[in-house]
Amino acid sequence: MTISNLKVLAAAAALAVAGVAAEAAPLQFTLSGAASASFVFDSDPAQSDLLAIGGNYFKIAASGTFPNNTPVNTAILQFFDGESGGGFAMFEGGGGFKFNTFGPQIFGGSVNDPAFQTGTFSLGSYIGDRSGPYTLTITEISAVPLPASALLLMGGLLGLGALARRRGARA
């Protein structure tokens, strides 16, 4: 195998691998109980998505369906670590308090680098006009490949095909 063939093979393999690179999976959050809500986050939110980080919590903005929050349908969610009681608090998009829950920590990692967990979580409430209990179900949404990923994968496969054809012509 010549150096030229090795370069083509390496480039084609790199394109093929880049086309199937893993991305954060979208998760569906469904809250039921005294109040209901539904929203979507990436399983591993980017640092730029976090609005605030405290010693025991992080805040993130969400769009979805929230109690008594039409037509805006946005909320600020504050997720707590297990040491501070777990669960999360919900605020209207404009900052008005909705409710505060406690229960298990629903994210792995730290408040600086959270990764949401899937499953069903039982939550109680501390204060607010919507007393618990609540159930929060987090499920993975099937990811749809991005067009750029498909193009990268196709380019890598075409490169491998061209290399195979070139090798066949020399034989």
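The legends below describe close-up views of a predicted model.

**View 1. The largest nonpolar core and the strands that build it.** The largest nonpolar core holds 27 residues, and among these F41, L77, F79, F88 and L136 touch the most other members. Two or more residues of this core come from each of the strands β1 (26–33), β2 (37–42), β4 (57–65), β5 (74–80), β6 (88–92), β10 (119–128) and β11 (134–140). For L136, the contacts beyond four places away in sequence are F29, T30, L31, F88, I106, G119, T120, F121 and L123.

**View 2. The aromatic cluster.** One aromatic cluster is formed by F29, F39, F41, F58, F66, F79, F88, F99, F107, F116 and Y134. In this model, the count of aromatic pairs comes to 15.

**View 3. The buried acidic residue D81.** D81 lies in the loop that runs between β5 and β6. The residue D81 is buried and yet has no salt bridge, and the nearest side chain of opposite charge, that of K59, is 15 Å away. A salt bridge needs a side-chain nitrogen within 4 Å of a carboxyl oxygen, so the side chain of K59, at 15 Å, does not form one with D81. Leaving aside residues up to four places away in sequence, D81 touches G55, N56, G86, Q105, F107 and V111.

**View 4. K59 and its surroundings.** K59 is found in strand β4, and with a relative accessible area of 25% this lysine is partly exposed. When residues up to four places away in sequence are not counted, K59 touches D49, L50, L51, A52, I76, L77 and Q78. K59 also lies over the face of F91, at 5.4 Å from the ring centre. Although K59 and V111 are 52 residues apart in sequence, they are 9.2 Å apart in space, taken from C-alpha to C-alpha.

**View 5. The salt bridge between E92 and K98.** Side chains of opposite charge can pair when their charged atoms come close. A search of the whole structure finds one salt bridge, in which the side chains of E92 and K98 meet at 3.4 Å, from N to O. How exposed or buried are the two partners, E92 and K98? E92 is described as partly exposed because its relative accessible area is 29%, whereas K98, with a relative accessible area of 6%, is buried. The cut-off for being buried is a relative accessible area under 20%, which is why K98 at 6% falls into that class, while E92 at 29% does not.

Note on methods. Residues numbered from 1 in each chain as written. Predicted model: local features only at pLDDT ≥ 70, side-chain atom pairs only at ≥ 80, totals over all residues. Heavy atoms only, no water. Core = buried A, V, L, I, M, F, W, Y, C linked by side-chain atoms within 4.5 Å. Buried < 20%, exposed > 50% of the residue type's maximum accessible area, 1.4 Å probe, protein only. Helix = DSSP H or I, 4+ residues; strand = E, 2+ residues; numbered from the N terminus. Contact = heavy atoms within 4.5 Å. Lys, Arg positive; Asp, Glu negative; His and termini not counted. Phe/Tyr/Trp six-rings, centres within 6.5 Å; stacked < 30°, edge-to-face > 60°. Lys NZ or Arg CZ within 6 Å of the ring centre and 35° of its normal.
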